Amino acid sequence: MTEGDRARRAAEDSLEDYAFRYVPRSFRRWSTLAVGGTALGSIAFLADFSIGASIGLEHGTANAVLGILLASVTIFLVGLPISIYAARYNLDIDLIARGSGFGYQGSVITTLIFAGFTCIFFALEGAIMAQALHVGIGLPLPVGYLVSTVVVIPIVVLGMRALERLQFWTTPLWLVLALLPLVWVVLVDGEIVAAFLTFDGAHGGAIDVGAVVACAAVCFALTPQLAEQLDYIRFMPPRSAGNRRRWWAALLLAGPGWVIFSGAKQVLGVFLAVYVLARVDPTLGDRAAEPVVQFLGIYQELMPDWLAVTLALALIVVAQVKINVTNGYSGSLACLNACTRLTRRYPGRTVFVVLNLSVACALMMLDVFALMYFVLSLYANVVMAWLVTVAVDIAVNKCLLRISPLRPEHRRGMLHDWNPVGLVSVGVATVLSLLTFAGVFGEVLRPFAVGVAIVVAAVVTPLTAVLTRGRWYLRRSWDGITLPMVDEQGSPSAVRLRCHVTGYTFERPDMLASAEPGPFGETQHISSLALTLDGSDRYVLPPEGQLRTAGPPWPLGLEDMDGGPVAPSRSPSKT
């Protein structure tokens, strides 16, 4: 199979994925409401309830709620600049990271961190579904793990259109099943509310800074959910005068605002744990953190057992399918992206759907749910080092210091393979935070390990950029095409150019001039996708100042894949 054949196959297979490139305007036909609603539909996961319950049982209500609040505010601030860039430039977290301190190959490291998150959380959510099937219909847990894995595969394989429909139609059902019983209990059972407010936990009681930070550390492990939100947010339509308010509302709520809903669910998880201990069985212990125990207990107070079991099972199955199709979708994109860049081969996303879900199923079999508190506390150190680095590069290095290019660059040939800014920041922040987590610097500092990751990444990212004077961000500042990158409203241009390797057309932000001239010496264009799969490097532009002078433009009147007009190539006026 030739390079052109591989690139064409990738283009045809990835029409709904866009794992390697900018999402073109021609595909972004959903409204801001549809995109925002789909993104919010993916946060129906029940691990929030388990996480809130776990930290509440350990440290008490007051410390847990303050820890959740601390984590939520921090995650919102970290997610805001990244979400704006994803929606404005229609890129996922990997493409943003490439031009925000990591380089073309360096961002593979962050992509694998994210892929690990999707596997861990797929396993946690799948375990919750298996627990529900075990309680509801007596299905053995190992069989339940397999069922919860296999059931999402068809939807994940179908891609964004299937996910959008699933999230849209199931969100109202989830809201009714989850919230109505909780509202009823809060309104009619004042004693439970009082018990919740005064709950001390195993080691709780008075408010303690160390306990608050320890609670927040577990919650920080949820931060990569932001990257899953971006897999939807990148499909936002162009911002215009007519949709500006709706655009910003959808972005804020479905981007960084997901943590508002997540934090509320964590607090409800503490409430539900207190409820089942007080009203169902005070000897439940850690099982009070299992969502099936929580919701079954509250339903059984309101209705007959058979109906309670049916509704609790329906709620958990719907919630787990909603989130795990997102985990499977995002994880497969991340792994496919990393593999394709490293090998220059395109094996197809279905391969990585199966691989990711197999890893997640193995984690379920190893009972990762029982180790949730430890695993999430450990993983949060790496997660925050990564995402704080990206956020600080955007907010400080790009917007404040102007060391990093303001517009995120993701195309091969325009970027250096490795950028020390992100790599040094993540490396130093991760090592120091993990050493703190392991107690190397003393038990007093141990609860503050994630804080070390955040502070170190926030300081080292701009410091490294200043010391390197930003020289590792761009290999080239001009892509060899004179057509503007944005339209008159500042949105990415919809003008299409033909890729001479695949024969297909792609929108302007996805295109570069090819280093290989045409038969008459004219400039040819190449897509970022074809460059990703090019193992010969013959199409990659040389360093700045060495671009070949172009000849005549492409002939007019060519048609693109979708039947739209293709802009003629322009001969560069400078080298």
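A cavity here is a set of grid points where a 1.4 Å probe fits but cannot get out. The model is predicted. It holds 5 such cavities of 30 Å³ or more. The second largest has a volume of about 90 Å³, and the largest about 110 Å³.

**The chain**

The protein chain has 575 residues, and 60% of them are buried. Its secondary structure comes to 21 helices and 4 strands. Among contacts with a separation of 6 or more, 80% join residues 24 or more positions apart. The chain exposes about 21300 Å², with carbon and sulfur atoms supplying 68% of that area.

**The largest cavity**

Its lining counts 14 residues. Nearest the centre lie D92, I93, D94, F114 and A334. Three helices each give at least two lining residues: α5 (93–102), α6 (107–137) and α16 (305–343). The largest share, 4 residues, comes from α16.

**The second largest cavity**

Y22, Y89 and L91 are among its lining residues. R407, P408 and H410 also line this cavity, as do M485, V486, P492 and P509.

**Linings by class**

| Cavity | Nonpolar | Polar | Charged |
|---|---|---|---|
| Largest | 7 residues | 4 residues | 3 residues |
| Second largest | 8 residues | 1 residue | 1 residue |

Nonpolar residues number 7 in the lining of the largest cavity. In the second largest cavity, nonpolar residues number 8, beside 1 polar and 1 charged residue. R407 is in that second lining; Arg counts as charged, so R407 falls in the charged class.

Note on methods:
Residues are numbered from 1 along each chain as its sequence is written. This is a predicted model: local features need pLDDT of at least 70, side-chain atom pairs count only at pLDDT 80 or more; totals for chains, interfaces and linings use all residues. Side-chain values use heavy atoms; hydrogens and water are left out. On a 1 Å grid over the protein atoms alone, a cavity is a set of points where a 1.4 Å probe fits but cannot get out, and a pocket is an open set with protein on both sides within 12 Å along at least five of seven lines; lining residues have an atom within 4 Å of a point. Grid points are joined across faces, edges and corners, and a volume is the space filled by probe spheres set on the points. Buried means under 20% relative accessible area, exposed over 50%, partly exposed in between (1.4 Å probe, protein chains only). Contact means heavy atoms within 4.5 Å. Accessible areas come from the Shrake-Rupley method with a 1.4 Å probe; for residues, only the protein chains shown count as cover.
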